[in-house]
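Me: I'd like to learn how to read a structure feature by feature. Could you walk me through one?
Reply: Gladly; here is the one to look at.

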Amino acid sequence: MALYWNPEKQTRPKPGEQDKTKLEELADACSAAIDAGTSVDLPSGSRESFTYTVADQANVSEMFTACLAGATGYIYHANNGPCKTYPVADIVAIYSTLSMYKTSQLTYHNQLKQYVLTLDDPEVVEAVTYGQELTGTYLEQYNTLMAEAQEQMQVVLSKLGGGSDAAGR
């Protein structure tokens with residue numbers, strides 16, 4: 001794996017020349033984690049898993065927007081499940097959980113990347129893996145940003161008249 005950083009310039013291998021750089025590897029892992037999605041505890045009583053690819057993000061956003069506009073339910077499906085009509089409360093839980101999940105992955109990735117950019121030793125860089133625990137200022141910044149994101153999600157959810165714990169997972 002190439003060391004991603006040269007003090008004079010950022011270097012990237014040419015296609016077929018070298019493996020991915022560490023920053024590319026971490027970015028790919030972040031994207032894969034978002035695409036894989038997560039499970040959502042639905043107010044209707046079930047726990048269902050949803051992927052969150054770019055297409056899924058558009059679909060979930062469309063459902064949520066329809067609810068904001070007054071829809072009382074919307075047809076969608078969990079992973080490998082049949083289509084069914086989800087009530088508004090479930091749609092809010094799906095949207096808020098997946099949205100916060102994406103935010104947490106992007107924020108984690110950014111903090112991990114900031115850490116990697118401080119490293120000078122190629123062996124230490126190579127040892128960094130997506131999913132490792134953040135520490136120090138990187139963990140503090142992550143926690144601060146996620147608290148801000150949670151507050152903003154609560155503002156959005158309050159516009160629907162409740163849903164205070166939907167994004168708290």
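Me: Which residues do ring pairs link into a cluster?
Reply: Keep in mind first that this is a predicted model. In general, a pair of aromatic rings is described by the distance of the centres and the angle of the planes. Here, ring pairs join Phe50, Tyr76 and Tyr86 into a cluster. Searching the whole structure gives five aromatic pairs. One of them is Phe50 with Tyr76, a stacked pair with 6.3 Å centre to centre and 10 degrees between the planes. That pair ties together distant parts of the chain, with Phe50 in strand E4 and Tyr76 in strand E5, 26 residues apart.

Me: Are Phe50 and Tyr76 buried or exposed?
Reply: The cut-off for buried is under 20% relative accessible area. Phe50 counts as buried because its relative accessibility is 1%. Tyr76, at 7%, therefore counts as buried too.

Me: How many helices and strands does the protein chain have, so to speak, as a backdrop?
Reply: The protein chain has five helices and six strands. Followed along the sequence, their order is β-β-α-β-β-α-β-β-α-α-α. Of its 169 residues, 34% count as buried. Among contacts in the protein chain with a separation of 6 or more, 54% come from residues 24 or more positions apart.

Me: Let's return to strand E4. Which side chains point to which face?
Reply: The thing to look for in a strand is alternation. In E4 (residues 47–50), Glu48 and Phe50 point to one face and are buried, while Arg47 and Ser49 point to the other and are not.

Me: What does E4 pair with, and in which sense?
Reply: E4 pairs with strand E3 (residues 38–41) in the antiparallel sense, over four bridges. To check the register, find the residues that face each other: Val40 stands opposite Glu48, and Asp41 stands opposite Arg47. E3 and E4 make a hairpin with five residues between them, and in the turn Gly45 has a positive phi of about 110 degrees.

Me: Glu48 caught my eye. Why does Glu48 count as buried?
Reply: Glu48 counts as buried because its relative accessibility is 12%. With a buried polar side chain, a useful next step is to look for its polar contacts. The Glu48 side chain makes one with the side chain of Lys84 at 2.7 Å, and another with the side chain of Tyr86 at 2.5 Å. Setting aside neighbours within four places in sequence, the contacts of Glu48 are Thr38, Ser39, Val40, Leu42, Ala78, Lys84 and Tyr86.

Me: Now helix H2. How do I read which residues are buried there?
Reply: An α-helix has 3.6 residues a turn, so residues three or four places apart point the same way. In H2 the buried residues are Asp56, Gln57, Val60, Met63, Phe64, Ala66 and Cys67. Their cover includes helix H1 (22–36), strand E5 (73–76), helix H3 (88–116) and helix H5 (136–158). As for its length, H2 (residues 54–68) has 15 residues and reaches 21 Å from first C-alpha to last, close to the 21 Å expected at 1.5 Å a residue. Just after H2, Gly70 takes a positive phi of about 115 degrees.

Me: Asp56 is on that list. What is Asp56 in contact with, beyond its neighbours within four places in sequence?
Reply: Those contacts are Thr51 and Tyr76. The side chains of Asp56 and Tyr76 are joined by a polar contact of 3.4 Å. Asp56 is buried because its relative accessible area is 11%. Asp56 also lies 8.5 Å from Asp35, C-alpha to C-alpha, with their positions 21 residues apart in sequence.

Me: And the nonpolar core: which residues touch the most other members?
Reply: In soluble globular proteins, nonpolar side chains tend to be buried together. The largest nonpolar core here has 35 residues, and Val40, Phe50, Val60, Tyr86, Ile94 and Leu98 touch the most other members. H1, H2, H3 and H5 each supply at least two residues of this core, and H3 gives the most, with 10 residues. Take Ile94 as a case: beyond its neighbours within four places in sequence, Ile94 is in contact with Val40, Leu42, Phe50, Val60, Met63 and Tyr86.

Technical notes:
Residues are numbered from 1 along each chain as its sequence is written. This is a predicted model: local features need pLDDT of at least 70, side-chain atom pairs count only at pLDDT 80 or more; totals for chains, interfaces and linings use all residues. Side-chain values use heavy atoms; hydrogens and water are left out. Buried means under 20% relative accessible area, exposed over 50%, partly exposed in between (1.4 Å probe, protein chains only). Two strands pair if DSSP finds at least two bridges between them. A polar contact is a pair of N or O atoms within 3.5 Å; within protein, one must be able to donate a hydrogen and the other to accept it, and residues adjacent in sequence count only if both atoms are side-chain atoms. Contact means heavy atoms within 4.5 Å. The expected span of a helix is 1.5 Å times one less than its number of residues. Rings of Phe, Tyr and Trp (its six-membered ring) pair if their centres lie within 6.5 Å; planes under 30 degrees apart count as stacked, over 60 as edge-to-face and the rest as tilted. A nonpolar core is a set of buried Ala, Val, Leu, Ile, Met, Phe, Trp, Tyr and Cys residues joined through side-chain atoms within 4.5 Å.
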